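Visitor: I would like a close look at one part of this structure, taken slowly and then set against the whole chain. Could you guide me through a single sheet and what lies against it?

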There are 2 protein chains.
Amino acid sequence: MLCAATSKMILKHITFTKRRSLATVTNELRRLFESDPEIIDSNPYELDRHGRGESFHPSKPPSHIVHVRTTQQIQDVVKACASTSPPTPIVPFGAGTSLEGHVGSTNPDSISISTTKNFNQLVSVDPSSLQCTVQPGITRHKLNHELRATGLQFMVDPGADASIGGMAATNASGTSAVKFGVMRDNVLQVKVVTSSGEEITAGSKTFKNSAGYDLKNLFVGSEGTLGVITEITLRLHPIVDHIESSVCAFQSLTQACDAVVTLLSCGVPVAKCEVLDGPAIHAFNLYSKDVDDMTPQPHLFVELQDISEAGLASQRNIVEEILNDCGGTNIEFSANPAVRKKLWAARHDTYYASCALRPGEGMGIVTDACVPLGQLASVIAATAEDIQTSEVIGPVFGHAGDGNFHCILPVRDTDSEEYLQKLEDVNDRLISRTLAAGGTCTGEHGVGSGKMKYLTTQYGEGAVDIMRAIKESLDPKNIFNPGKIITP
Amino acid sequence: MLCAATSKMILKHITFTKRRSLATVTNELRRLFESDPEIIDSNPYELDRHGRGESFHPSKPPSHIVHVRTTQQIQDVVKACASTSPPTPIVPFGAGTSLEGHVGSTNPDSISISTTKNFNQLVSVDPSSLQCTVQPGITRHKLNHELRATGLQFMVDPGADASIGGMAATNASGTSAVKFGVMRDNVLQVKVVTSSGEEITAGSKTFKNSAGYDLKNLFVGSEGTLGVITEITLRLHPIVDHIESSVCAFQSLTQACDAVVTLLSCGVPVAKCEVLDGPAIHAFNLYSKDVDDMTPQPHLFVELQDISEAGLASQRNIVEEILNDCGGTNIEFSANPAVRKKLWAARHDTYYASCALRPGEGMGIVTDACVPLGQLASVIAATAEDIQTSEVIGPVFGHAGDGNFHCILPVRDTDSEEYLQKLEDVNDRLISRTLAAGGTCTGEHGVGSGKMKYLTTQYGEGAVDIMRAIKESLDPKNIFNPGKIITP
């Protein structure tokens with residue numbers, strides 16, 4: 001064992017070496033970008049913003065931000081960071097809307113490669129191939145705005161106005177996944193700067209591809225730990241004219257979830273299919289002044305789309321029959337775009353509505369369990385019951401058609417240790433219940449730092465060892481977003 | 001440089017070591033399975049069959065076959081093969097329907113792990129989760145037969161009665177992919193025995209999963225080069241009652257492909273969407289006595305499905321209008337199940353019909369190009385024209401909705417060198433044209449040994465180097481199906 005003085009000396013040496021390596025890399029970046037100095041940013045507000053997403057994870061700022069404009073600049077940063085001793089970590093950053101501490105710098109001497117400011121363009125649209133190619137920093141609202149004239153749209157909708165690069169990095173999805181799939185289904189090809197500084201192409205611009213290992217899906221969902229995404233080709237879908245939303249109340253969450261199983265088992269091509277428990281509807285009523293109050297009991301929100309009015313009507317008839325048969329009441333359909341828009345805007349505000357149930361400063365713990373569809377009723381009902389008996393506030397809602405649900409547990413700065421412990425216990429039991437049902441700890445938010453501890457329980461040592469081997473093989477110096485997804 | 005005698009001595013030593021290592025492994029397998037000796041097979045007919053698929057690639061038989069019954073037996077074989085010096089290669093084998101030389105033993109001292117005889121059961125069905133779990137050796141016909149009572153079906157249909165393990169290994173698809181996706185979309189979870197002999201789980205039984213690197217999609221499509229698949233959980237879809245097929249003629253392939261783009265751009269949820277050129281229809285007429293003759297000009301076969309008669313009728317009206325607008329003629333719809341069945345059986349026979357255009361012994365070269373949808377018209381038309389001007393026989397047809405098409409080039413044992421050269425040239429130009437259009441050399445058949453030479457041109461050195469690094473990392477001894485997908 002080392003004596004205290006020796007340990008201290010070694011630590012001092014390491015710290016000194018690290019700081020020197022950071023100084024080396026920042027000097028190198030200043031030299032590289034001397035004709036474009038404003039892309040290097042160390043404004044404290046921006047550093048803080050680049051260290052966190054939208055959840056309760058505290059900010060872990062990087063040392064510097066580079067607001068890259070080109071792939072070449074990303075390659076330059078990667079090469080500079082890889083060449084220092086020790087190597088300088090790189091954390092790619094999009095819109096900062098992630099929820100699991102993905103963008104926090106576990107090492108403060110990190111460089112953030114930030115894309116939303118200067119690397120955010122729609123590169124090309126190929127309407128007859130139903131696809132477009134974008135830079136990673138474009139947000140989905142901007143993308144859909146720019147696509148308008150084509151009659152096509154990008155369908156993945158996580159609620160937040162996230163960047164496409166960030167959405168690809170976490171394999172995001174949202175309310176439309178039940179029909180249009182998740183990011184892995186909608187990203188056809190990515191270009192990525194790897195640890196050598198080279199840009200490679202993964203996937204192809206085709207709807208199908210059986211050529212070699214699936215690198216595209218390996219990079220999608222790798223949360224910036226295997227490289228920096230520089231370009232993304234996305235599958236687009238036609239804008240459909242005939243849309244109708246429905247709202248329906250149930251006596252129990254089990255009834256509501258059973259209705260979802262019936263809808264999907266009958267082949268109804270639901271475009272959205274969301275479940276909300278009583279407390280979520282209560283939060284909704286208090287927060288969303290634009291939408292008529294609903295009885296505070298479990299609800300389903302279902303959206304139908306069709307290419308014709310007649311087709312939509314036939315879907316509506318079948319859905320109404322199923323909802324009725326499954327015990328649904330107060331069933332209301334609306335084709336009015338304004339009503340639909342308000343409903344979904346309110347649904348997307350459920351996080352804020354839930355947090356507003358507990359006044360005060362703070363944020364919410366957002367869980368992201370996903371289970372096999374047939375297990376949803378029991379898991380979601382047990383979770384809602386656990387929350388009630390634990391006497392904490394935690395509305396439950398989610399993408400029922402995918403078996404994916406969230407529970408918002410608002411945390412207040414003034415919360416007692418005892419209350420915080422209750423929240424942690426509720427969360428732990430929720431994950432245990434989910435994994436026992438064959439589920440995953442994260443359906444759409446990703447692992448970040450927040451879900452790392454569950455990975456081995458979910459997959460077993462063997463699978464996690466393979467993930468680790470892939471990380472070590474593709475990023476031997478561990479420069480890309482270290483300390484996320486898996487421990488070294 | 002070594003003298004000839006030394007070289008010969010070294011070669012002899014290597015051969016001797018290899019044979020000794022094979023003797024070691026077969027003795028070990030006999031010892032391991034002494035209570036179940038009939039699972040070890042070295043019948044010459046079976047060895048020959050286990051060395052090839054259904055294409056022109058000549059058989060490369062293994063030394064022995066093990067008709068495994070359990071995962072434990074697979075683990076035993078892998079451990080035994082990994083422990084010899086040099087290691088003994090393992091080639092997983094399903095139904096033997098692959099087309100790119102996937103199952104040929106590049107080293108004759110290999111062990112084939114064969115699954116269709118004894119490892120072919122439906123393990124469980126979870127109807128309310130719309131999924132089932134199977135052993136890899138079950139074939140898709142058997143699976144769908146066993147699923148009948150559930151009202152659910154497995155939707156990936158490559159034509160051949162392939163094993164589910166083999167279909168997962170090649171990321172197979174077929175006529176239904178345009179609506180129901182490819183194997184990667186329909187496999188939720190796989191269990192795999194890796195190079196250490198351990199069984200790991202990749203993916204989860206949920207419709208969505210953002211937890212860690214996508215190992216599931218890495219193993220799906222890895223063609224037995226990263227491990228042996230032991231269990232597969234599949235997404236199922238409800239059997240829909242309202243189905244209608246349509247057949248429509250066009251003046252040109254370009255018109256037919258443009259009609260496909262229009263159908264998809266309008267959001268028509270086509271369940272199948274196949275294009276056939278004039279020569280393919282001619283072959284079809286000669287071969288398929290069950291189906292009425294069609295004019296030998298480009299055709300589209302489209303299948304529509306809906307949950308109601310009214311919905312189906314509205315789809316039919318829109319499709320008819322689009323086909324008419326795009327220059328389609330002789331449009332015929334049929335809801336008669338017998339007519340539909342005959343049509344699709346005949347479509348699945350196109351390979352044999354094409355081969356029958358050139359009487360004699362031999363097989364066909366099957367190409368598998370896939371391009372971005374908007375490029376399909378020009379690539380497919382240029383290919384059909386090239387075939388005509390090259391004066392070879394090669395009907396063109398394929399999964400137009402996916403941009404994936406095949407060209408069958410029948411090869412006869414009596415063919416002259418000159419004719420064979422023409423076929424090779426047509427094939428090379430087809431691949432060049434495909435890659436230039438942003439396509440992939442294989443949309444659904446996989447790389448095997450046949451497409452290896454195109455991988456670097458398609459992806460670039462960098463991406464192929466990453467595939468190589470993954471292979472070396474997961475299979476350091478190169479025991480799993482060596483000599484496929486990538487060169488070491």
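**One open sheet in chain A**

Guide: The model is a predicted one, and a good place to enter the sheet is a single pair of residues: Cys132(A) has Leu234(A) in β10(A) as its bridge partner. That pair belongs to the junction between strand β6 (residues 131-134) of chain A and strand β10 (residues 228-235) of chain A, which run antiparallel and are joined by 4 bridges. Strands of a sheet pair through backbone hydrogen bonds, in either a parallel or an antiparallel manner.

Stepping back from that junction, one finds 5 strands of chain A in an open sheet, ordered β5-β6-β10-β8-β9, with antiparallel pairing. Its edges are formed by β5 (122-126) and β9 (199-203) of chain A, each of which pairs on one side only, and from one strand to the next the twist averages 15°. Against this sheet packs helix α4 (residues 140-147) of chain A, which touches β5, β6 and β10 of chain A and whose direction makes about 45° with that of β5(A).

As for the setting, an unreviewed UniProt entry annotates residues 58-239 of chain A as "domain: FAD-binding PCMH-type"; over residues 58-239 the chain is 23% helix and 25% strand, with the end C-alpha atoms 39 Å apart. Chain A has 17 helices and 19 strands, and its radius of gyration of 23 Å agrees with the value near 23 Å expected for a compact globule of 488 residues. Buried residues account for 62% of the 488 residues in chain A, while, among contacts between residues at least 6 apart in sequence, 71% join residues at least 24 apart.

Definitions and conventions. Residues are numbered from 1 along each chain as its sequence is written. Chains are lettered from A and ligands numbered from 1 in the order in which they are written. This is a predicted model: local features need pLDDT of at least 70, side-chain atom pairs count only at pLDDT 80 or more; totals for chains, interfaces and linings use all residues. Side-chain values use heavy atoms; hydrogens and water are left out. Two strands pair if DSSP finds at least two bridges between them. Helices (H or I, at least four residues) and strands (E, at least two) are DSSP runs, numbered from the N terminus. Axes are lines fitted to C-alpha atoms, for helices over the stretch in contact, and angles run from 0 to 180 degrees between N-to-C directions. Contact means heavy atoms within 4.5 Å. UniProt positions are given in the numbering used here, feature names are shortened, and annotations may be inferred rather than shown by experiment. The radius of gyration is taken over C-alpha atoms; the globule rule is 2.2 Å times the number of residues to the power 0.38. Buried means under 20% relative accessible area, exposed over 50%, partly exposed in between (1.4 Å probe, protein chains only).
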